[in-house]
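Here's a quick briefing to read alongside the model. Have the viewer open and follow the topics in turn.

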Amino acid sequence: MTTHPLFFEAAGETLFGTCTEPDQPGSLGVTVLRGGGYTAAVTRSPLWTPLETRLASVGVRTLRFDYHGAGDSTGLIGEMGSNRYFAADVVGAVDSLRSRGVSRHVLIGQCFGARNALAAADRIEDLAGLVLIAPLVRDFDRGEGTATRLAEGSTLEFMSRGVGALEPTMLLKPKQLARIAGAARILARTKARAALARIRPGDGTPPWVSRPFLDALTGVIERGVPVLFVFGTEDGWEDFQAALPGRLEALVERAGPAMQIEVLDGKVHGRAALPTQEALGDLIWEWMTASFELGSG
Amino acid sequence: MSPGAGAVRQAEGFLEEADLVGPGLFGHRYLPDQPSGTGVVICSPIYAEYFKNYRREVLLARALAAAGAAVQRFQYRNTGLSDDVPGGMTVASMTDDADAAAGALAERCRPDRMILMGVRWGGIVAARAAVRRGGAPLVLWDPVIDPAGYLADIIRVRQVQELTSGADKRHSGSDLVTMLENEGSLVVLDYLIERDLHRSVAPIDVPRLISEAASEAALVLQVSRRSELAEDLALVAAGWQDAGVEVTASSTGHEEAWWFEADRFETEENKMLTRLLIDQTVAWVENLGADR
């Protein structure tokens, strides 16, 4: 097994990644998609590094890379959120693996990376599987998750918790003004989405569930691509369960055994506890070996 | 990590390479199309501070290369894509790595002048590497002057972690120091703090080391809201001046939460602190080259 650095092009930017090559590579390749804002390519990760070694032992190539504007890649991140995807980066990474002989692709995405995987799925014809770790089932910009959840409730509570008591002196302070403007933007966007959902024909789906998430997942399920969902009890599981009524539940039923849903204790993304990262690695490994015929490397 | 360079020509006029710098030592190198004759080796901070500063170092390296300086970044052995170091990472192994990185850059582009740069803990490494070379121009961003205080700050991060995560048992600072001593390591967030690294720096008189490391010129940028330099940093700067080193020392006026995520995401390129650090460093390196 060797690990080597590489640069590849994606949507006009040069992205940096590291590729782990087995001694005897097979046709299956894995692209790892970290959450937003992480330096991914050069890290010695308690989750990814051992998993990459295990996968290489059965002939699977893996590629980890930095999104545009992060780590050693070029470009500017600009706006980042669960409704602004980096699908072009994912397609560039998959193309890079394809040029090395990979003809079946598994995307493993964490949080924002999971949404990127879903967003890119319909542009990857030879997609063989998806691992979605704590995917966001709502749409919001980075750092606005809690505020968006609050905005789905009472407007009064949102304003009092998000902004505090309004005072005339706030208008003289640029930081306070920016805070009020930010809160108002989140509130307006969330309420508009809810209003739009109310006038659509109802299928029981809660109004806050991301339509792009459901649409992309529908496409994947219709193609028969196996999917592993992994949630932490502290990140995403509650939201996923609440999102089930309506379309999501129908998708789970339709997928049948092609969709596996697992829940681990604690958090599974960001700075997860070391035992959780090990358990997550084991879970992905078991799913990979059960889902694909892997060689001996 | 195996050899097998990734390389790309960047539009700003330099070649960027990623490969082994020396045996088991991975790094990124930036080679300008029109070299100014200056080489810069960047010694990174460690733990969470490494990731906090990562993009900033990439941007700095590219800005320096666009201005004609050849730059070498590297990952200490026992970290990232570099190999393990027998016996674990110590300040001696880190100095060996910085030395190897400087040697590799010198061999590749034969600069007239080699600048050693260090960020936080990397300041100690850069200073030791400079001493090995008989002194060198130094650039230090918010250097660690008091390693014991630095470790105490990390211990406090663990205490904050225990407090905010609702841990069943909360430890006092002295409990955690004892755990580190007895068990050899301590997990803070998900970083492994290793006793032997911190023991390895204990015999070093860091202010004296840094004072003796600079030759010709030194730039030190304090990352703090305070406008005046901290006392220990001011003493180091005074020591340099007494030794005839041309000193540029200032505070950025901006703080950095080295161990914690910001409430709101901001693109690194847009951060005022990042722009200040990079602009001042590039200007200083250019001036140093122009003074030759």
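What is the mean pLDDT of chain A, and what percentage of its residues reach 70 or more? This is a predicted model, and for chain A the mean pLDDT comes out at 87, with 77% of residues at 70 or more. Below are some notes on confidence, on a strand in chain A, on the sheet in chain B, and on where the chains meet.

**Confidence and overall make-up of chain A**

- Confidence in chain A peaks in strand β6 (residues 127-133), at a mean of 98, and bottoms out in helix α4 (residues 145-151), at 63.
- A word of caution here: where pLDDT is low, the predicted coordinates shouldn't be read in detail.
- Chain A is built with ten helices and eight strands.
- It has 297 residues, and 44% of them count as buried.
- Take the contacts in chain A between residues at least 6 apart in sequence: 74% of these join residues at least 24 apart.

**Strand β4 of chain A**

- Strand β4(A) covers residues 61-65, and five of its five residues are buried.
- That goes for both faces: A:Arg61, A:Leu63 and A:Phe65 sit on one side, A:Thr62 and A:Arg64 on the other, and all are buried.
- One pairing partner is β2(A) (residues 13-21), which runs antiparallel to β4(A) over four bridges.
- If you want a landmark for β4(A), look for A:Thr62, with A:Thr20 standing opposite.
- Strand β3(A) (residues 28-33) also pairs with β4(A), this time in the parallel sense and again over four bridges.
- For a landmark on β3(A), try A:Gly29, whose bridge partner in β4(A) is A:Arg61.
- Put β3(A), helix α1(A) (residues 48-57) and β4(A) together and you get a right-handed β-α-β unit.

**The sheet in chain B**

- Nine strands of chain B make an open sheet with mixed pairing, in the order β1-β2-β3-β5-β4-β6-β7-β10-β11.
- The edges belong to β1(B) and β11(B) (246-251); each has a single partner strand, so one side of each is left without a neighbour in the sheet.
- On average, neighbouring strands of this sheet are turned by 15° against each other, direction ignored.
- At the β11(B) edge, the partner is β10(B) (residues 214-222), which runs parallel to β11(B) and is joined to it by six bridges.
- B:Val220 is a handy spot to check, standing opposite B:Ala249 in β11(B).
- Helix α3(B) (residues 122-132) lies across β4 (38-43), β6 (113-119), β7 (136-141) and β10 of chain B, and runs at about 155° to β6(B).

**A closer look at B:Arg158**

- You'll find B:Arg158 in helix α4(B), residues 147-164.
- Is B:Arg158 buried or exposed? It's buried, because 23 other C-beta atoms lie within 10 Å.
- Leaving aside neighbours within four places in sequence, B:Arg158 is in contact with B:Leu176, B:Leu186 and B:Val188.
- B:Glu181 is 23 residues away from B:Arg158 along the chain, and their C-alpha atoms are separated by 15 Å.

**Where chain B meets chain A**

- The contact involves 24 residues of chain B and 27 residues of chain A.
- On the chain B side, the elements giving two or more residues are β1 (6-10), β2 (14-22) and α1 (48-66).
- Of these, α1(B) supplies the largest share, four residues.
- By class, the chain B side has ten nonpolar, eight polar and six charged residues.

Technical notes
Residues numbered from 1 in each chain as written. Chains lettered and ligands numbered in written order. Predicted model: local features only at pLDDT ≥ 70, side-chain atom pairs only at ≥ 80, totals over all residues. Contact = placed C-beta atoms within 7 Å. Nonpolar A, V, L, I, M, F, W, Y, C, P; charged D, E, K, R; others polar. Buried ≥ 20, exposed ≤ 12 C-beta atoms within 10 Å, placed from the backbone. Pairing = 2+ DSSP bridges. Right-handed = clockwise from strand over helix to strand, strands pointing away. pLDDT = per-residue confidence, 0-100. Axes fitted to C-alpha atoms, helices over the stretch in contact; angles between N-to-C directions.
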